[in-house]
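Biologist: I should like to learn how to read an interface between two chains. May we begin with the structure itself?

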Amino acid sequence: MKATDPSIELVACGSSSMQMDTFGLWERTVLSYTYDIVDHISMHAYYEELDGDRASFLGSGTAMERFVERVVASADAIGAQKRSDKRITISFDEWNVWYQQSRFGGEQNLPIQRDAPRIIEDRYSGLDAVVVGDLIVTLLRHADRVAIGCLAQLVNVIAPIMTDPEGAAWRQTTFHPFATAARLATGEALQVKVDTDTIATAKHGDVPAITAAATVDPDTGALALFVTNRSDQERTVTLRHPGVTARIDGGTAVLADHEGARETQEHAEAYAPVDALPVEQGEGTITLRLAPESWTAFHGAMEL
Amino acid sequence: MFGSFVEHLGRCVYTGVYEPGHATADEHGFRGDVAELTKELGVTLVRYPGGNFVSNYVWEDGVGPVEDRKPFLDLAWRTVEPNVVGTDEFLQYCEREGLEPMMAVNLGTRGVAEAVALLEYCNGEAGTKWADMRIANGREEPYGVKLWCLGNEMDGPWQIGHKDAHEYGKARGRGRQGDEGDRPQH
């Protein structure tokens, strides 16, 4: 394909999930054949709350982080073996919350259908929105290696946007963290060091209680900070930026709920982001308050 | 980073992004309310047309005069695909909406030849068979699609045309690097 058009970038298939038996070996084998011609390797991951295990579900971003780091390690192992300075980046071209195990009966059990049937039209909760926000934190934290991200999918099928045929289109809960982050995250991702306690989870072991990512636009100084509080308590976080002038002007939060999936348009539209809790500006520090089980996007500015 | 994904699955395309006759539909049949929300969502890039769907998709059946296109049974989602929206409709939608397309090729039931043909259809200059087919279908300018996915989830046993890593890696076409390719060390 590159002989036809050398300007294109190619994505090789990585594993369909980290749970595949061939995970790791697949990446290394495929890249051993294709390292010189491909630019990216794909990753796909879906998360869901299973058996009421809320803590593990809220820790999904950590599972995604480990997945990214393992794929990077696998790709870099082949790069090392080939003594190559080229770095393969990641196309995370399917990610989302999807109740694949608990709600979807599997494609092999679908009847033959026509005329745009309703398949996998998951409805989402406030809790799902927080997890989507936290998955975005993971992606931004790894923006040095994750070149492409695709929320799967766009409309109706595990999607932030729903429609009725001949009727309305509306936003699901998961629309809000994505739209907020897409609007605020500009320029470059910063390396944010987070000191936090951990939460014990059944599926992922100990996971950080607080996660954070930040971006700054080098041209305008616009600063965005995305922080997840996975704990069920309000938390105070101190942002230290010694030697750099920075301020936070405000923020928007999405909050988890206990209502389950919002099945109807009306119920979904009743969900909206809220104003972030007030911040306290200090000398070289900013104190942030985070609602329980929340994802907050702060916006401000930084002098570079 | 803020990309999304449109697959021919369920109602993502039909009655999702595309619904001619809808009160908000544009002259191409795409829903204006969905386009508006997509803009508000801040999506910058869209992967298409699958997903599992792509592994049995014959892209040629989705181009040319719509009245000549025939439906086919998509075995991935067990749904009859009417082939009303295809490559040209999607890529022109992306252009109108300012979205970067990311195209996937079928490496399930098909191979490198058909993938190269699709690439040439999308990006080729006049004077080759596939580029000229695009022009005959009313689109002079190449689309210049930059991002290409080499199949979808080829490691998955559910995938139509599922391959093991060696078969998949060797499908790279010409220029394979001898021993590294033939005897991967792991």
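**Reading the interface**

Modeller: In this predicted model, a salt bridge joins the side chains of B:Arg47 and A:Glu94, with an N to O distance of 3.0 Å.

Biologist: How many salt bridges does the rule find across the interface of chain B and chain A?

Modeller: The rule finds five across that interface. Helix α1 of chain B, residues 32–41, supplies six residues, the largest share of the side of chain B that touches chain A.

Biologist: How many residue pairs are in polar contact between chain B and chain A?

Modeller: The count is 31 residue pairs, with both residues at pLDDT 80 or more.

Biologist: How many residues of each chain are in contact?

Modeller: On the side of chain B there are 75 residues, in contact with 82 residues of chain A. About 6,500 Å² is buried between the two chains, and carbon and sulfur atoms give 64% of that area. Within chain B, the residues that lose the most area to chain A are B:Met1, B:Arg11 and B:Leu41, which together account for 14% of what that side buries.

Biologist: Let us turn to the surface. Which residues make the nonpolar surface patch?

Modeller: The patch is made by A:Ile112 together with B:Leu73 and B:Leu75, and covers about 270 Å². B:Leu75 lies in the loop between β3 (72–74) and β4 (79–81) of chain B.

Biologist: Why does B:Leu75 count as buried or exposed?

Modeller: The class follows from relative accessible area, and exposed means over 50%. B:Leu75 counts as exposed because its relative accessibility is 52%.

Technical notes: Residues numbered from 1 in each chain as written. Chains lettered and ligands numbered in written order. Predicted model: local features only at pLDDT ≥ 70, side-chain atom pairs only at ≥ 80, totals over all residues. Heavy atoms only, no water. Patch = residues over 30% accessible without salt bridge, like charges linked within 9 Å, V, L, I, M, F, W, Y side chains within 5 Å. Areas by Shrake-Rupley, 256 points an atom, 1.4 Å probe, with all protein chains shown as cover. Salt bridge = Lys/Arg side-chain N within 4 Å of Asp/Glu carboxyl O. Helix = DSSP H or I, 4+ residues; strand = E, 2+ residues; numbered from the N terminus. Buried < 20%, exposed > 50% of the residue type's maximum accessible area, 1.4 Å probe, protein only. Contact = heavy atoms within 4.5 Å. Buried area = accessible area lost by both parts, 1.4 Å probe. Polar contact = N/O pair within 3.5 Å; in protein donor to acceptor, adjacent residues only side chain to side chain.
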